[in-house]
Amino acid sequence: MNALLRILSLPAQLLTKVPGLGPFMKVLSTTVGQKILMAITGLSLCGFLVAHLGGNLKLYAGEQAFNDYAHALHSLGPILAAAEVGLFATFALHIGLAISTTALSKVARRKDYAIKETKQGIFILPNGGASNWMMLTGVLILAFLVTHILDMKLKANPGVDYSVATNAEKVIDNEFHAVKAVLSTPLNAVIYITGIVALGIHLSHGVRSALQTLGINHKRWNLLLKIGGILFAWGVAAGFIGLVVWAMAYKG
Ligand code: HEM
């Protein structure tokens with residue numbers, strides 16, 4: 001475990017040794033700098049989630065409205081492709097930084113622990129509470145995302161019957177029916193609800209934590225910010241879960 005943590009913290013530590021680095025890269029080699037970038041990427045991903053939920057809520061407006069929306073989105077062509085590259089790069093950066101900061105602070109804490117142990121004994125325990133939950137839920141969200149891209153983007157989940165969404169040439173051209181087929185497959189409904197609950201837990205700590213990292217932190221507003229973060233997290237999660245329930249119940 002120790003060796004693994006050292007390996008994972010290596011890129012950031014090596015960064016500090018490179019001579020002539022610009023101030024940005026120097027900041028990035030520190031835990032504080034990495035946490036700031038993690039907060040920015042995390043909040044950007046929240047922006048994507050709101051837009052994504054907003055688009056998907058068009059499912060309630062019916063087949064025509066949703067297919068029109070999907071068609072408009074796809075007709076953006078290279079703009080959509082560039083946005084997708086940016087989105088996946090943001091996800092990758094957020095995940096990479098999560099691994100790096102966790103490893104860096106665990107390595108630092110172990111050194112700290114070794115020094116303080118003799119002074120304060122049992123009271124200095126490695127405390128990874130919230131960050132451990134963030135890692136676990138983060139891994140669940142990543143697993144969900146892999147399935148989700150396979151399901152919705154590549155339309156390549158062998159457990160889904162996409163034939164309800166194909167045209168005469170057997171090409172999938174009805175997004176409304178394709179999405180409904182994905183969400184109403186029982187195994188998928190379980191995977192989606194698990195992934196989305198993990199997302200709710202992740203965001204209910206993550207949003208508040210990101211705002212705090214960025215200095216949005218005042219005694220007077222802290223309780224409000226905490227409640228706001230939790231409401232945002234579970235509001236988004238409930239919005240997505242509602243779509244799964246709707247698809248399971250939809251008989252059209
Ligand atoms: C019931 C819930 C959801 C539905 C119905 C849904 C629907 C979709 C659809 C139809 C696509 C394909 C878009 C396209 O063809 O360009 C898609 C892509 C995607 N979804 Fe979801 N989604 C849901 C939940 C989520 C959640 C919870 C997340 C994040 C944790 C997420 C992240 C993504 C990402 C990253 C993509 C790829 C974006 C792209 O390449 O354009 N989705 N989703």
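**Exercise 1. The core.** Find how many residues the largest nonpolar core has, and which have the most contacts inside it.

*Solution.*
Step 1. Fix the terms. A nonpolar core is a set of buried Ala, Val, Leu, Ile, Met, Phe, Trp, Tyr and Cys residues joined through C-beta atoms within 7 Å. Buried means 20 or more other C-beta atoms within 10 Å of the residue's own, exposed means 12 or fewer, and partly exposed lies in between; C-beta atoms are placed from the backbone.
Step 2. Know the model. It is predicted: local features need pLDDT of at least 70, side-chain atom pairs count only at pLDDT 80 or more, and totals for chains, interfaces and linings use all residues. Residues are numbered from 1 along each chain as its sequence is written.
Step 3. Read off the core. The largest one has 24 residues, and Leu199 and Ala237 have the most contacts inside it.
Step 4. Assign elements. Helix 3, helix 5, helix 7, helix 8 and helix 9 each give two or more residues to this core. Helix 8 gives the largest share, 9 residues.
Step 5. Set the background. The chain holds 9 helices and 0 strands. Helices (H or I, at least four residues) and strands (E, at least two) are DSSP runs, numbered from the N terminus. Of the 252 residues in the chain, 20% are buried.

**Exercise 2. Helix packing.** Determine how helix 8 is oriented to helix 9, and how helix 3 is oriented to helix 8.

*Solution.*
Step 1. Define the geometry. Axes are lines fitted to C-alpha atoms, for helices over the stretch in contact; angles run from 0 to 180 degrees between N-to-C directions. Under 35 degrees is roughly parallel, over 145 roughly antiparallel, 65 to 115 roughly perpendicular, and the rest oblique.
Step 2. Take the first pair. The axes of helix 8 (residues 186-213) and helix 9 (residues 222-249) come within 8 Å and cross at roughly 165°. Helix 8 is therefore roughly antiparallel to helix 9.
Step 3. Sort the residues of this contact. They divide into 20 nonpolar, 3 polar and 2 charged. Here Ala, Val, Leu, Ile, Met, Phe, Trp, Tyr, Cys and Pro count as nonpolar, Asp, Glu, Lys and Arg as charged, and the others, Gly among them, as polar.
Step 4. Take the second pair. Helix 3 and helix 8 pack at about 130°, with axes 9 Å apart. Helix 3 is therefore oblique to helix 8.

**Exercise 3. The ligand shell.** Identify which residues are closest to the ligand and how many surround it.

*Solution.*
Step 1. Apply the cut-off. A residue is near a molecule or strand if its C-beta atom, placed from the backbone, lies within 6 Å of it.
Step 2. Count. 20 residues surround the ligand; Asn56, Glu84, Met152, Phe240 and Leu243 are the closest.
Step 3. Sort by class. The shell has 15 nonpolar, 3 polar and 2 charged residues.
Step 4. Locate the sources. Helix 6 gives the largest share, 6 residues. Elements that supply at least two residues include helix 3 (31-56) and helix 5 (78-120).

**Exercise 4. Two loop lysines.** Classify Lys155 and Lys170 as buried, partly exposed or exposed.

*Solution.*
Step 1. Place them. Lys155 is in the loop between helix 6 and helix 7. Lys170 lies in the loop between helix 6 and helix 7 too.
Step 2. Count neighbours. Lys155 has 16 other C-beta atoms within 10 Å, so it is partly exposed. Lys170 has 9 C-beta neighbours inside 10 Å, so it counts as exposed.
Step 3. Check phi. Lys155 has a positive phi of about 50° although it is not a glycine. For Lys170, also a residue other than glycine, phi is positive and near 60°.
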